[in-house]
Amino acid sequence: MTSFNLGPLAIPMQHALLYLGFFAALFAGWLAGRKRKTNPEGTLFVMLVGGLLAARVAFAASYFEQYSDEPLGLVDIRDGGFLFWPGLIAAALLGALLAWRQPALRQPLVIALLAGCSVWGGGQAVVSALERSRQLPALSLMDLQGRPVDLRELDGRPLVINLWATWCPPCRREMPVLEAAQKARPQVRFLLVNQGEHAEAVTRYLAEQGLAPREVLLDSGNRLSQATGSFGLPTTLFYDPQGRLRHSQMGELSAASLEYGLRQLP
């Protein structure tokens, strides 16, 4: 499962686990700090913001070439571009510095971090294990000419599947990125699977936008999104040549975040 629905909202699983872990840390820190009449809440927020900032800066530095044509993309965090280890190290250093300056915070802060990391880390381990055990669904979809395409007919290349719709603004913005990658990387197969629309609407949209991507498929019943637990659009799934899911991203792709996903493939 790459996301889940909360009412009308589809929340990426990675974000939900981070929120859950952070709230667990806040609650545990509040409980642990009552006797000392201190609360590590402020320190936890500083660690979170500092860690996210460091993770973003590290990602932007690692994929700076992909941002060269669109420098404003460096500050557009909608592409999900964050690197885990730099962010974790920065958060740990900030926490250590603040705890050193305020001894009364040390015990409740440690307890808060243990609780938060246990919830977040445990959930992350379970989700990662489930994702990596997932195989490409055995579904047959239709191309724009009405011909069936079996998803499980692998050709030895890694496979990137993008779930999209013409009414989805982030899908529309990322389409040129996917089309360019499709042309530049013939060693990777890209499938652009439209969710819930008819061939006429899809063909008209592509013509109006001057787009001509290959291998556009139709999933009129949204079967692929249900089979993969991808409830928000756009979602991009990265499969190895054996059809095993290696990486997923819910939300708009940039050239940088697409490159990051491709690097997760063998």
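Two strands pair if DSSP finds at least two bridges between them. Keep that rule in mind as you look through these views of a predicted model, in which local features need pLDDT of at least 70, side-chain atom pairs count only at pLDDT 80 or more, and totals for chains, interfaces and linings use all residues. Residues are numbered from 1 along each chain as its sequence is written, and side-chain values use heavy atoms, with hydrogens and water left out.

**View 1. The whole protein, with nine helices and nine strands.** Helices (H or I, at least four residues) and strands (E, at least two) are DSSP runs, numbered from the N terminus. Taken along the principal axes, the C-alpha atoms fill a box of roughly 70 × 35 × 35 Å. Of the 266 residues, 46% count as buried; here buried means under 20% relative accessible area, exposed over 50%, and partly exposed in between (1.4 Å probe, protein chains only).

**View 2. Strand S8, residues 235-239, and its surroundings.** Is this strand buried or exposed? Five of its five residues are buried, so S8 is largely enclosed by the rest of the structure. Look at where the residues point: Thr235, Leu237 and Tyr239 go one way, while Thr236 and Phe238 go the other way.

**View 3. S8 with its partner S5.** Strand S5 (residues 159-164) pairs with S8 in the antiparallel sense, over five bridges. To find one of the matched positions, start at valine 160: its bridge partner in S8 is phenylalanine 238.

**View 4. S8 with its partner S9, and the turn that links them.** S8 also pairs with strand S9 (residues 245-250), in the antiparallel sense and over five bridges. Which residue of S9 is the bridge partner of leucine 237? That partner is serine 248. S8 and S9 form a hairpin with five residues between them, and in the turn you can find glycine 243, which has a positive phi of about 85°.

**View 5. Arginine 223 in helix H8.** Helix H8 covers residues 223-228. Arginine 223 is partly exposed, with a relative accessible area of 40%. What does arginine 223 contact, leaving aside its neighbours within four places in sequence? With contact meaning heavy atoms within 4.5 Å, the residues are Leu139, Ser140 and Leu141. Leucine 141 lies 82 residues from arginine 223 along the chain, and their C-alpha atoms are separated by 9.2 Å.
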